[in-house]
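Hi there,

Here is the structure I promised to pass on. Have a look at it first, and then read on for my notes.

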Amino acid sequence: MPTEHDRTRYSRVKALFLEAADLPGSAQVALVQRARAEDARLGDELASMLAIAAEDQARGAIDATPRPLPTPTGAAGEGTRGAAGASVDGLRPGMMLGPYVLREPLGEGGFGSVWIAEQASPVRRDVALKVLRTGLDSRAVMARFAGEARALAMMEHPGIARVFDAGVATLDADRGVSLPYFAMELVRGGGVGQAITTYARTRGLSIEARLGLVLQACRAVQHAHTKGIIHRDIKPSNLLVSEQDGTPTVKVIDFGIAKALHAEAAGASVVERTLSIERGVLLGTPAYMSPEQAGGGGGGRE
Amino acid sequence: MADPAGGPISSSTDPSRDPARDVTRLLREAASGDQSSHAALLSRVYDQLHAIAAARMRSERVDHTLQATALVHEAYARLVGDVRLGQVDRAGFFAVAAQAMQRILVEHARARGRVKRGGGMGEAAARRKIPLDVVDLAAEDDPEQILALDDLVRRLGEYDASAAAVVRLRFYAGLSVEQTAEALGISERTVKREWAFARAWLAGQIEREGLDADGA
């Protein structure tokens, strides 16, 4: 139990802290100085606590609801993960995949859905979480991704959205539903980044301005190519535009994901490749694919 | 380390056919100072939280994190359901839920601590890793952190019951500022001030002492 001296000290620190909390920065400094004059250790403690509080305040930790609350499942039955709310592929806001809490769906694609998700640890940040539809062999995808991840980590370019992490979440152990996911840098610009074509159209951009955007995309892709990494699925929806200080900035997303998803892209045998195509799983997006890629070639950077 | 729940918890009440009414009754009785009703309520909430946590632990095998907030709200949904509780009863529920959740986290941490003992963590790591937001039952989290935090919150309570109450509701029940204010019957401004202070105090203790998981 605390001694009387401890209690007095605690009360003093708290009173000073709460007094300082209402003051502007300069007045806080003066208050800390007064506290130091009274007792050097007290002043130091106060200063460090105020610094922590300022940091908390800056990241919104004081006001924030700790986490988005999932909609309660209601019934007292077992595991009623119902289809309530904005459900995409059976996923809905508030659900947790690995360390990520789904917040809102961004879109759906051929492979699955993309969500804004919140990562809690080791750093707290928002990410774009691409959740793949089940049916893909998650183990194989992850094994390939692990190989890709090292290469992807070498890419540091403002025009390329970073891929942070990949994993597999098990949703329903009984039915063995496992969902592979990729966590990527969330491209923002006011809201969420827009596809390059949408951006150009809605802003009524001039030809020059459009070419400027394409040039940016080319520089980013060029950077990846110098590192020996090929995207394999370049298309407007993978070229997002966000505005930074009013200047449109292009970011290429999904780097390395197409390759991780498809064994044939990673250099599997011709037989496997043919089988995949027969099953209708074609790498990339046909409308935006290079002829040699669609023809089953290696998809080189030429 | 002091026992936050004040003794072993066992299931002493049979779930009646109308659990929500039963919970409401227990809440009222506990609020009027009936210790046995409080104990029965705590055990009911504890059992429910435990069951939900266990079910989720089974179904989210890979890399799972159980969110205290989500557990508490699911327990609320199951135990109270659609019954509209008055403010005092809601407050009572969340206070009990925070207590039960804290208890579960500590037991979970102790159980895992027994499995992987040894290797005290460095001071820097402890400082970096103790989560001062919401406590989760995370697979990767070091159990020592949860125990250390439990100890710190208990210590804070010895100095300052109101700051500790805010911390418990925010940490262990995951309530928002508004909900916490409602639950404690204080203003939102006061919640924010107490919360800001308590976080800074806890962080300061962690920094000053490194990790003190033994409650010495």
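**What I found**

Chain A contains nine helices and eleven strands. Please keep in mind that this is a predicted model, and that the values below are computed from it.

**The two chains overall**

Chain A has 302 residues, of which 40% count as buried. If you take the contacts in chain A between residues at least 6 apart in sequence, 53% of them join residues at least 24 apart. The chain exposes about 15,300 Å², and 55% of that comes from carbon and sulfur atoms.

Chain B has nine helices and two strands. Along its sequence these elements follow the pattern α-α-β-α-α-α-β-α-α-α-α. Of the 216 residues in chain B, 55% are buried. Here, 72% of the contacts with a separation of 6 or more are between residues 24 or more positions apart. Chain B exposes about 9,100 Å², with carbon and sulfur atoms supplying 49% of it.

**Aromatic pairs**

If you like rings, there is plenty to look at: a search of the whole structure turned up eleven aromatic pairs over all chains. Take Tyr10(A) and Phe197(B): why is this pair called edge-to-face? Their ring centres are 5.6 Å apart and their planes meet at 85°, so the pair counts as edge-to-face, the cut-off being over 60 degrees. This pair crosses between the chains: Tyr10(A) belongs to helix α1 (residues 4–21) of chain A, while Phe197(B) belongs to helix α9 (residues 188–209) of chain B. Both Tyr10(A) and Phe197(B) are buried.

A second edge-to-face pair is formed by Tyr76(B) and Phe93(B), at 5.0 Å centre to centre and with 85° between the planes. Tyr76(B) sits in helix α3 (residues 68–79) of chain B and Phe93(B) in helix α4 (residues 87–115) of chain B, so this pair ties together parts that are 17 residues apart in sequence. Tyr76(B) and Phe93(B) are both buried.

Ring pairs also build a cluster, which links Tyr10(A), Phe17(A), Tyr159(B), Phe197(B) and Trp201(B). When you display the two chains together, that is a good group to colour.

There is one ring with a charge over it to show you as well. The charged end of Arg125(A) sits over the ring of Phe164(A), at 3.7 Å from the ring centre.

**A sheet in chain A and the helix across it**

Three strands of chain A form an open, antiparallel sheet in the order β9-β10-β11. Its edge strands are β9 (194–195) and β11, each of which pairs on one side only. Strand β10 (residues 239–244) and strand β11 (residues 247–252) of chain A pair in the antiparallel sense over six bridges. Among these partners, Ser242(A) is bridged to Thr249(A) in β11(A), and Val241(A) is bridged to Val250(A) in β11(A). The hairpin of β10(A) and β11(A) has two residues between the strands, and in it Asp245(A) takes a positive phi near 50°.

Helix α6(A) lies across β10 and β11 of chain A and runs at about 40° to β11(A). That helix covers residues 207–226 and includes His223(A). Is His223(A) buried or exposed? Its relative accessibility is 18%, so His223(A) counts as buried, since buried means under 20%. Leaving aside residues up to four places away in sequence, His223(A) touches Met155(A), Glu156(A), His157(A) and Ile160(A).

**Glu185(A)**

One more residue to click on is Glu185(A), which lies in strand β6 (residues 177–185) of chain A. Its relative accessible area is 21%, so Glu185(A) is partly exposed. Which residues does Glu185(A) touch, not counting residues up to four places away in sequence? They are Ala128(A), Ile160(A), Ala161(A), Arg162(A), Phe164(A) and Lys251(A). Phe164(A) is the residue whose ring has the charged end of Arg125(A) over it, and Ile160(A) is also touched by His223(A). Finally, Glu185(A) and Asp254(A) are 69 residues apart along the chain, and their C-alpha atoms are separated by 9.8 Å.

Happy browsing, and do write back with any questions.

Best wishes

Note on methods
Residues are numbered from 1 along each chain as its sequence is written. Chains are lettered from A and ligands numbered from 1 in the order in which they are written. This is a predicted model: local features need pLDDT of at least 70, side-chain atom pairs count only at pLDDT 80 or more; totals for chains, interfaces and linings use all residues. Side-chain values use heavy atoms; hydrogens and water are left out. Helices (H or I, at least four residues) and strands (E, at least two) are DSSP runs, numbered from the N terminus. Buried means under 20% relative accessible area, exposed over 50%, partly exposed in between (1.4 Å probe, protein chains only). Contact means heavy atoms within 4.5 Å. Accessible areas come from the Shrake-Rupley method with a 1.4 Å probe; for residues, only the protein chains shown count as cover. Rings of Phe, Tyr and Trp (its six-membered ring) pair if their centres lie within 6.5 Å; planes under 30 degrees apart count as stacked, over 60 as edge-to-face and the rest as tilted. A charge sits over a ring if NZ of Lys or CZ of Arg is within 6 Å of the ring centre and within 35 degrees of the ring normal. Two strands pair if DSSP finds at least two bridges between them. Axes are lines fitted to C-alpha atoms, for helices over the stretch in contact, and angles run from 0 to 180 degrees between N-to-C directions.
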